[in-house]
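These are my notebook entries from a reading of the structure shown below. I took up one residue, helix or ring pair at a time.

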Amino acid sequence: MKRRGFLKAFFAGTLLPLAVPLLDKLPGGNRLRRFLRPPGALPEKEFLDTCIGCGQCANVCPNKCIETYGLDGGLDNLATPRIVARSKGCILCMACTQVCPTGALKKLEPTEEGMRAVAMGTAFVTESICYSFSGRTCGACYRACPLPGEAMTIGQYEQPTVHAEHCVGCGLCEQACIHMPQAIRIVPIAELRERDTA
Amino acid sequence: MAAGEKSRWGLYGKGLLVLSLFTRTGVLALLCFLAFSTEYANLKMGHNNARLVELSAGKPMRIAYEWTEKFLSLFGEPEEVVRTSGGMTWSIRVLGMPFTDPIAALSLLAKHHRWTWSIALGLIAPLTIAFFFGRVFCAYICPASLAFFVTSRIRSLLEKFFYFPDIRLHHGVAWGVLAGGLVVMLLFGHGIWTLILPYFAMGQTIFQAIAFGTLSVAAASLGLFLLVDVLLGKQFTCRYLCPTGRLLGWIGARQAVTIRRDAAHCLESCRSCADVCPLSVNPKVDETRDCSVCGECVTICPTQCLSIGREKR
């Protein structure tokens, strides 16, 4: 009899959290589709399995570029960290990778080697709207790049060329771009991998 | 038992209650402070100068900045302290010392099948405390419990004018919430705990509000829990819904420190201890499971036959 009471209560209890997925069915509005994970993040699927959403990375980020998701990224992303490069790029200080308790962000040192080991995404220039490509010398993105000469080189009229193999995707160029909308964008590594496998 | 000794226990209980209010406020203040430390680190990196902070962010921010700097200097180099502290009661790091919620560890184990040293180290303190002292987390640390405490007082105030039911459920419900939560977690991700665990919701709300000035979705779930508390029963969430409380109660089933009853002085007709208990423990029948050592029953007992001490076995 006692066991029966427990089982009844237990099953009633299991039903309560099942209401949570209904939130995912709410009309989405403007769901942010393109975002970066902090440096050192595991591949996206593994990252989602590992990140418990404690917010320590966002807490220590001295640049305040790491935000945590609300419902705008769907339930999967709830409470996980994101970086929106256009509002604030990552300065690659690696503070977040030092504190992650679960290893969702791999530990990286704030050195040049550590910086080069980051793979958050790759920058792509939209030449049709870039000032430098339409004869007005700009170079803002190049000045912002933490790996100038490696990840990005400039030519005539400071026209930027991104070298995908060295670009870490920190997003500082996207943040710095003076054109509105931005003429240089970071495509997150997850999206690039998805594209490669497709 | 001498008369002087009797009244001492009542005071002792009140002392514990005051202490618990104090520590809970402290934890809330810590969470607010940690959230603000993000802003501080930002200003420190950007300006490193109080006058520049005032010029760019205004006088109140300068004052906050200067006080934060002074406070952090007590523990060492301010930037270093900020770098080694952060998080919320779900998983927190204070001066480099990690603390992990057992549910967070369980969730990670269920989904990722792997732990890290940080998680394991962080579990030591919570599990040890739960083993010896039971659910003290609920009465002394849980940042949401202060809100529940206030709500229960509001509820008893409102009860003078309205009727509210006091629904009692089986303890199995919280185990069900834990199991259901784990299933939903496996489907969606660890983030859903922000909506299920009140203290995580509180942490998330505070962090989002102070560090980013946004209202977190977790605030809605916290509000829902408080509403349930008012409408369905005193401390309903803590008693029947919170899986962490249930888990800690289970770990501390044989807790060493708990309520003791002096049966010789206990009144037959009195039920005040059972009525006042926020976690629906009934000290009257020497039931001590789920006791959070909050001291409310010790304070209210008219004959002071309750005390807190080592469980005799």
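In which strand of chain A does Met152(A) lie? I worked from a predicted model, and I found Met152(A) in strand S4, residues 152–154 of chain A.

**Entry: Met152(A)**

I looked up its exposure next, and Met152(A) counts as buried because its relative accessibility is 2%, under the 20% limit. I then listed its contacts, leaving out residues up to four places away in sequence: Met152(A) touches Cys141(A), Tyr142(A), Cys145(A), Leu147(A), Pro160(A), Thr161(A), Val162(A), His163(A), Cys173(A) and Ile184(A). I also checked the spacing to Ala164(A): Met152(A) and Ala164(A) are 12 residues apart in sequence, and their C-alpha atoms are 8.6 Å apart in space.

**Entry: Thr122(A)**

I placed Thr122(A) in strand S3 of chain A, which covers residues 121–125. Is Thr122(A) buried or exposed? I noted that Thr122(A) counts as buried, at 9% relative accessibility. With neighbours within four places in sequence set aside, I found Thr122(A) in contact with Val162(A), Ala164(A), Cys167(A), Gly169(A), Arg185(A), Ile186(A), Val187(A) and Leu192(A). Val162(A) is thus on the contact list of Thr122(A) and is also touched by Met152(A).

**Entry: backbone geometry**

I recall that most residues other than glycine have a negative phi and that most peptide bonds are trans. I therefore noted the departures from this general pattern.

I found a cis peptide bond from Met180(A) to Pro181(A), with omega near 0 degrees. Pro181(A) is in the loop between helix H7 (172–176) and strand S6 (184–188) of chain A.

Glu158(A) is not a glycine, yet I read a positive phi of about 60 degrees for it. I located Glu158(A) in the loop between S4 and strand S5 (160–162) of chain A, and Glu158(A) is buried, with a relative accessible area of 19%.

In chain B, I found that Val293(B), also not a glycine, has a positive phi near 50 degrees. Val293(B) belongs to the loop between helix H15 (272–276) and helix H16 (296–300) of chain B and counts as buried at 7% relative accessibility.

**Entry: helix H1 of chain A**

I compared the span of H1(A) with expectation: its 14 residues, 2–15, reach 21 Å from first C-alpha to last, close to the 20 Å expected at 1.5 Å a residue. Which residues of H1(A) are buried? I listed Ala9(A), Gly13(A) and Thr14(A). They cover an arc of only 140 degrees around the axis, so they lie on the same side of H1(A). On the face turned away from that buried side I found the exposed residues Arg4(A), Lys8(A), Phe11(A) and Leu15(A). What covers the buried residues of H1(A) includes helix H9 (172–188) of chain B. I also recorded that Phe6(A), Phe10(A) and Phe11(A) form one aromatic cluster.

**Entry: helix H3 of chain B**

I repeated the check on H3(B): its 15 residues, 59–73, reach 21 Å, close to the 21 Å expected at 1.5 Å a residue. Its buried residues are Tyr65(B), Thr68(B) and Leu72(B). They cover an arc of only 70 degrees around the axis, which puts them on the same side of H3(B). The face turned away from the buried side carries the exposed residues Pro60(B), Trp67(B) and Lys70(B). I noted further that Lys70(B) lies over the face of Trp67(B), 4.9 Å from the ring centre.

**Entry: aromatic pairs**

How many aromatic pairs does a search of the whole structure find? I recorded 14 over all chains. Phe71(B) and Phe75(B) form an edge-to-face pair, at 5.3 Å centre to centre and 75 degrees between the planes. I found Phe71(B) partly exposed, at 38% relative accessible area, and Phe75(B) partly exposed, at 45%.

The rings of Phe137(B) and Tyr199(B) have centres 5.4 Å apart and planes at 80 degrees, so I entered this pair as edge-to-face. Phe137(B) lies in helix H7 (136–141) and Tyr199(B) in helix H11 (198–212) of chain B, so the pair ties together parts 62 residues apart in sequence. Phe137(B) is buried, with a relative accessible area of 17%, and Tyr199(B) counts as buried at 0%.

Technical notes: Residues numbered from 1 in each chain as written. Chains lettered and ligands numbered in written order. Predicted model: local features only at pLDDT ≥ 70, side-chain atom pairs only at ≥ 80, totals over all residues. Heavy atoms only, no water. Helix = DSSP H or I, 4+ residues; strand = E, 2+ residues; numbered from the N terminus. Buried < 20%, exposed > 50% of the residue type's maximum accessible area, 1.4 Å probe, protein only. Contact = heavy atoms within 4.5 Å. Phe/Tyr/Trp six-rings, centres within 6.5 Å; stacked < 30°, edge-to-face > 60°. Lys NZ or Arg CZ within 6 Å of the ring centre and 35° of its normal. Expected span 1.5 Å × (residues − 1). Arc of directions from axis to C-beta.
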